[in-house]
Amino acid sequence: GHDERSVNIPMGEILAGKIDEIKNTPKENVVFVCASGGRAELARIICSEKSPEKKMFNYYGWENLAKIQ
């Protein structure tokens, strides 16, 4: 799935610590999604530790993006 407001960052990049796009976004809130939510939660935890000034949420599956306004 994809939402026009989203940016695809592969899990491998997050595991490698390449999260500059997340750290440098002017957005205060960052939402993670994947097929079922497991990888999104791992990404949220990793990124929260490296960029604690951002509010990060796991919305689990792609279908939940429709709930974000």
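## The nonpolar core

The largest nonpolar core of this predicted model has 12 residues: Ile 9, Ile 14, Ile 19, Ile 22, Val 30, Phe 32, Cys 34, Ala 40, Ala 43, Ile 46, Cys 47 and Met 56. Two elements, S1 and H3, each give two or more residues to this core. The largest contribution comes from H3, with 4 residues.

One of the core residues, Ala 40, also touches residues elsewhere in the chain. Setting aside residues up to four places away in sequence, Ala 40 touches Phe 32, Val 33, Cys 34 and Asn 58.

## The β-α-β unit

Strand S1, helix H3 (residues 38-50) and strand S2 together make a right-handed β-α-β unit. S1 covers residues 29-34 and runs parallel to S2, to which it is joined by 5 bridges. Strand S2 itself spans residues 55-61. In one of these pairings, Cys 34 has Gly 61 in S2 as its bridge partner. Cys 34 is also listed among the residues of the largest nonpolar core.

## Asn 58 in strand S2

Asn 58 lies in strand S2. The residue counts as buried because its relative accessible area is 12%, below the limit of 20%.

Which residues does Asn 58 contact, leaving aside its neighbours within four places in sequence? They are Phe 32, Gly 37, Ala 40, Glu 41 and Arg 44. Two of these partners take part in polar contacts with the Asn 58 side chain. With Glu 41, the contact joins the two side chains at 3.1 Å. With Gly 37, the side chain of Asn 58 reaches the backbone oxygen at 3.1 Å.

## Tyr 60 in strand S2

Tyr 60 is also placed in strand S2. Is Tyr 60 buried or partly exposed? Its relative accessibility is 45%, so Tyr 60 counts as partly exposed.

The backbone of Tyr 60 deserves separate mention. Most residues other than glycine have a negative phi. Tyr 60, although it is not a glycine, has a positive phi of about 60 degrees.

## Leu 65 after strand S2

Beyond the strand, Leu 65 lies in the segment that comes after S2. Leu 65 is buried, because its relative accessible area of 11% is under 20%.

Arg 44, named above as a contact of Asn 58, can also be set against Leu 65. These two residues, Leu 65 and Arg 44, are 21 residues apart along the chain, and their C-alpha atoms are separated by 16 Å.

Key
Residues are numbered from 1 along each chain as its sequence is written. This is a predicted model: local features need pLDDT of at least 70, side-chain atom pairs count only at pLDDT 80 or more; totals for chains, interfaces and linings use all residues. Side-chain values use heavy atoms; hydrogens and water are left out. Buried means under 20% relative accessible area, exposed over 50%, partly exposed in between (1.4 Å probe, protein chains only). A polar contact is a pair of N or O atoms within 3.5 Å; within protein, one must be able to donate a hydrogen and the other to accept it, and residues adjacent in sequence count only if both atoms are side-chain atoms. Contact means heavy atoms within 4.5 Å. Two strands pair if DSSP finds at least two bridges between them. A crossover is right-handed if, with the strands pointing away from the viewer, the path from the first strand over the helix to the second runs clockwise. A nonpolar core is a set of buried Ala, Val, Leu, Ile, Met, Phe, Trp, Tyr and Cys residues joined through side-chain atoms within 4.5 Å.
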